[in-house]
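This report goes through one protein chain, from its overall dimensions down to single residues. The sequence and structure come first.

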Amino acid sequence: MKVVLASKNPHKLVEISQITQKFHMELVLESDLGVDIDVEETGTTFEENSFLKANAVMKATGLPALADDSGIAVDALNGEPGIYSARYGFDDTLDDAGRVRLLLKNMEAVPDGQRQAQFVCVITLVTPEGKVIQARGEVHGEVLRKTEGEGGFGYDPVFYYPPFGKTLAQVTPEEKNRVSHRGQALKILYEKLKEAGYAEQ
């Protein structure tokens, strides 16, 4: 099945493709089809924003579209940055490293043992026939006080995953995909796709 990924993020394409290729799903970027749309993420949940992006790209391309909305939710910050993870601080000059620094600054007073957080990912597939299939994945860990590791992207270098004894930036892509929020959501999505007859058994 050919599916358009509603994203301009090459990291996401690589990470998602590594998993979806096992599902016999051909994933292409919207830009590969000459589509370049910015969807205003007006939702208040990961579920709403994921649907908004997938639905807009499906309408623009006429093909099934896959979108994810993901972020890190810190317990001590009442779930922030949450759906605003990619826009944390609402400062266009901040890159991934800048947003990580902002998060660490905002967590300076949070004591060790109370720095629990989870990565959340909601993936939505919308088809031209109007079918909406959605899946949510989470991975639970802690936020360190400094970055560790050169891999991954986003908040991975400060997200410590206890079963590995490392951050998600210190493990191989294969190890990360096995446990990541995106990997979990994609596995659940695949099972739902099979049930709906959109994926090979």
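The sections below cover the fold, the nonpolar cores, one helix, the backbone of one loop, and three selected residues.

## Model and overall fold

The model is predicted. Its secondary structure comes to five helices and seven strands, which run β-α-β-α-β-α-β-β-β-β-α-α from the N terminus on.

For 201 residues, a compact globule would have a radius of gyration near 17 Å, and the chain agrees with this because its own value is 17 Å. The C-alpha trace spans about 50 × 35 × 25 Å along the principal axes. Among contacts with a separation of 6 or more, 58% join residues 24 or more positions apart.

## Surface and charge

Of the 201 residues, 48% count as buried. The chain exposes about 9,900 Å², and carbon and sulfur atoms supply 49% of that area.

There are 22 positive and 31 negative charges in the chain. The mean positions of the two sets are 3 Å apart.

## Nonpolar cores

In soluble globular proteins, nonpolar side chains tend to be buried together. Here the largest nonpolar core has 20 residues, and those with the most contacts inside it are Leu-5, Leu-27, Leu-66, Ile-123, Leu-186 and Leu-189. At least two residues of this core come from each of β1 (2–5), α1 (10–20), β2 (26–29), β4 (116–126), β5 and α5 (181–196). The helix α5 gives the most to this core, with five residues. Apart from this core lies another, of 19 residues, including Tyr-88, Met-107, Phe-119 and Tyr-161.

Ile-123 has a long list of contacts once residues up to four places away in sequence are not counted: Ser-50, Leu-66, Ala-67, Asp-68, Ile-133, Gln-134, Ala-135, Arg-182, Ala-185, Leu-186 and Leu-189. Among these partners, Leu-66, Leu-186 and Leu-189 are also listed with Ile-123 as having the most contacts inside the core.

## Helix α3

Helix α3 covers residues 96–106. Its buried residues are Gly-98, Arg-99, Val-100, Leu-103 and Leu-104. The cover over these buried residues includes β3 (65–74) and β5 (132–143).

## The loop between β3 and α3

Most residues other than glycine have a negative phi, and most peptide bonds are trans. Which residues in this loop have a positive phi without being glycine? One of them is Asn-78, with a phi of about 60°, and another is Phe-90, with a phi of about 45°. Asn-78 lies in the loop between β3 and α3, as does Phe-90. Asn-78 is exposed because its relative accessible area is 76%, above the 50% cut-off. Phe-90 is exposed as well, with a relative accessible area of 59%.

The loop between β3 and α3 also holds Pro-81. A cis peptide bond joins Glu-80 and Pro-81, with omega at about -5°.

## Residues in α4 and β5

Lys-176 is found in helix α4 (residues 173–179). Its relative accessibility is 5%, so Lys-176 counts as buried, the cut-off being under 20%. With neighbours within four places in sequence left aside, Lys-176 is in contact with Glu-15, Gly-152, Phe-153, Asp-156, Leu-168 and Val-171. Arg-178 is found in α4 too. On the same basis of leaving aside neighbours within four places, Arg-178 is in contact with Gln-184 and Lys-187. Gly-154 is 24 residues from Arg-178 along the chain, and their C-alpha atoms are separated by 18 Å.

Glu-138 has its place in strand β5. At 33% relative accessibility, Glu-138 counts as partly exposed. Where residues up to four places away in sequence are not counted, Glu-138 touches Gln-118, Phe-119, Val-120, His-181 and Gln-184. One of these, His-181, is 43 residues from Glu-138 in sequence, and the two are 4.4 Å apart in space, C-alpha to C-alpha.

Conventions. Residues are numbered from 1 along each chain as its sequence is written. This is a predicted model: local features need pLDDT of at least 70, side-chain atom pairs count only at pLDDT 80 or more; totals for chains, interfaces and linings use all residues. Side-chain values use heavy atoms; hydrogens and water are left out. Buried means under 20% relative accessible area, exposed over 50%, partly exposed in between (1.4 Å probe, protein chains only). Helices (H or I, at least four residues) and strands (E, at least two) are DSSP runs, numbered from the N terminus. Contact means heavy atoms within 4.5 Å. The radius of gyration is taken over C-alpha atoms; the globule rule is 2.2 Å times the number of residues to the power 0.38. Accessible areas come from the Shrake-Rupley method with a 1.4 Å probe; for residues, only the protein chains shown count as cover. Lys and Arg count as positive and Asp and Glu as negative; His and the chain ends are not counted. The place of a charge is taken as NZ of Lys, CZ of Arg, CG of Asp or CD of Glu. A nonpolar core is a set of buried Ala, Val, Leu, Ile, Met, Phe, Trp, Tyr and Cys residues joined through side-chain atoms within 4.5 Å.
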